[in-house]
Amino acid sequence: MKKHIHGIIVLLILASPLVTSAQTVQYYQTGEEFSGPMNSWKNVKTVFGAMGDGVTNDAPAINAALLAMKNSAADSFNVLYFPAGTYLINDSLYNPGNGYDGMTIVGEDPATTIISWNGNVGGSMFYLTGWYLKVSRLTFEGNNHAG
């Protein structure tokens with residue numbers, strides 16, 4: 001009798017439909033590989049003094065980093081790296097003028113590397129000018145205020 005009951009239970013388990021729910025897979029959950037930071041990359045926190053604490057206005061430090069990238073081909077500084085953190089900005093981020101060709105801005109992980117707007121309503125978070133510019137692995141939060 002015991003064998004018969006176990007057989008029925010196994011049969012019921014195998015015959016019952018699987019119940020699953022829909023899952024949204026977000027970019028940072030795809031299992032992609034990230035190789036970095038590299039030694040040649042400049043760290044916005046350690047080199048330029050950004051805090052990434054979600055409280056300090058990091059716009060001046062980030063803009064100083066962007067300005068340092070101008071005409072960077074001479075010293076091989078073409079990648080600005082953002083480690084995990086929330087970088088609060090009260091002013092627009094920008095790279096003034098020409099000379100930013102080949103510039104790359106990369107964050108550690110879009111789930112944990114956030115640029116958060118705290119400026120005027122309708123203000124612009126980011127202006128980039130140049131050729132072959134890349135921005136990746138960052139989340140931009142306009143907080144319903146950025147233009």
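Thr86 of strand 4 stands opposite Ile114 in strand 7, and this pairing is a convenient place to enter the predicted model. Strands here, like helices, are DSSP runs numbered from the N terminus, with at least two residues (E) for a strand and at least four (H or I) for a helix. Five bridges join strand 4 to strand 7, and the two run parallel; two strands are said to pair if DSSP finds at least two bridges between them. Thr86 also has a partner in strand 2, since Asp53 is bridged to Thr86, while Asn57 stands opposite Leu88 in strand 4. Strand 2 and strand 4 pair in the parallel sense over two bridges.

These strands belong to an open sheet of four strands in the order 2-4-7-10, with parallel pairing. Its edge strands, which pair on one side only, are strand 2 and strand 10 (139–141). From one strand to the next, the twist averages 25°, where axes are lines fitted to C-alpha atoms, for helices over the stretch in contact, and angles run from 0 to 180 degrees between N-to-C directions. Helix 2 packs on this sheet, touching strand 2 and strand 4, and its direction makes about 95° with that of strand 4.

Strand 4 is mostly covered, with four of its five residues buried; buried means under 20% relative accessible area, exposed means over 50%, and partly exposed lies in between, for a 1.4 Å probe and protein chains only. In helix 2 (residues 59–68), the buried residues are Ala59, Ala61, Ile62, Asn63, Ala65 and Leu66. They pack against several strands, including strand 3 (79–82), strand 5 (93–94) and strand 6 (104–107). Leaving aside neighbours within four places in sequence, Ile62 is in contact (heavy atoms within 4.5 Å) with Val44, Phe82, Tyr87, Ile89 and Leu93.

In soluble globular proteins, nonpolar side chains tend to be buried together. The largest nonpolar core of this model has 20 residues, and those with the most contacts inside it are Val44, Ile62, Leu66, Leu80, Phe82, Ile89 and Ile115; such a core is a set of buried Ala, Val, Leu, Ile, Met, Phe, Trp, Tyr and Cys residues joined through side-chain atoms within 4.5 Å. Helix 2, strand 3, strand 4 and strand 7 (113–117) each supply at least two residues of this core, and the largest share, five residues, comes from helix 2.

Another open sheet has four strands in the order 1-3-6-9, again with parallel pairing. Strand 1 (42–43) and strand 9 (134–136) are its edge strands, each pairing on one side only. Two bridges join strand 1 to strand 3, and Asn43 stands opposite Tyr81 in strand 3.

Tyr81 leads on to the aromatic pairs, of which the structure holds four. Rings of Phe, Tyr and Trp (its six-membered ring) pair if their centres lie within 6.5 Å, and planes under 30 degrees apart count as stacked, over 60 as edge-to-face and the rest as tilted. Trp41 and Tyr81 form a tilted pair, 5.8 Å centre to centre and with 40° between the planes. This pair links distant parts of the chain, 40 residues apart, with Trp41 in the loop between helix 1 (2–15) and strand 1. Trp41 counts as buried because its relative accessibility is 18%, and Tyr81 counts as buried at 5%.

Residues are numbered from 1 along each chain as its sequence is written. Local features need pLDDT of at least 70, side-chain atom pairs count only at pLDDT 80 or more, and totals for chains, interfaces and linings use all residues, while side-chain values use heavy atoms, with hydrogens and water left out.
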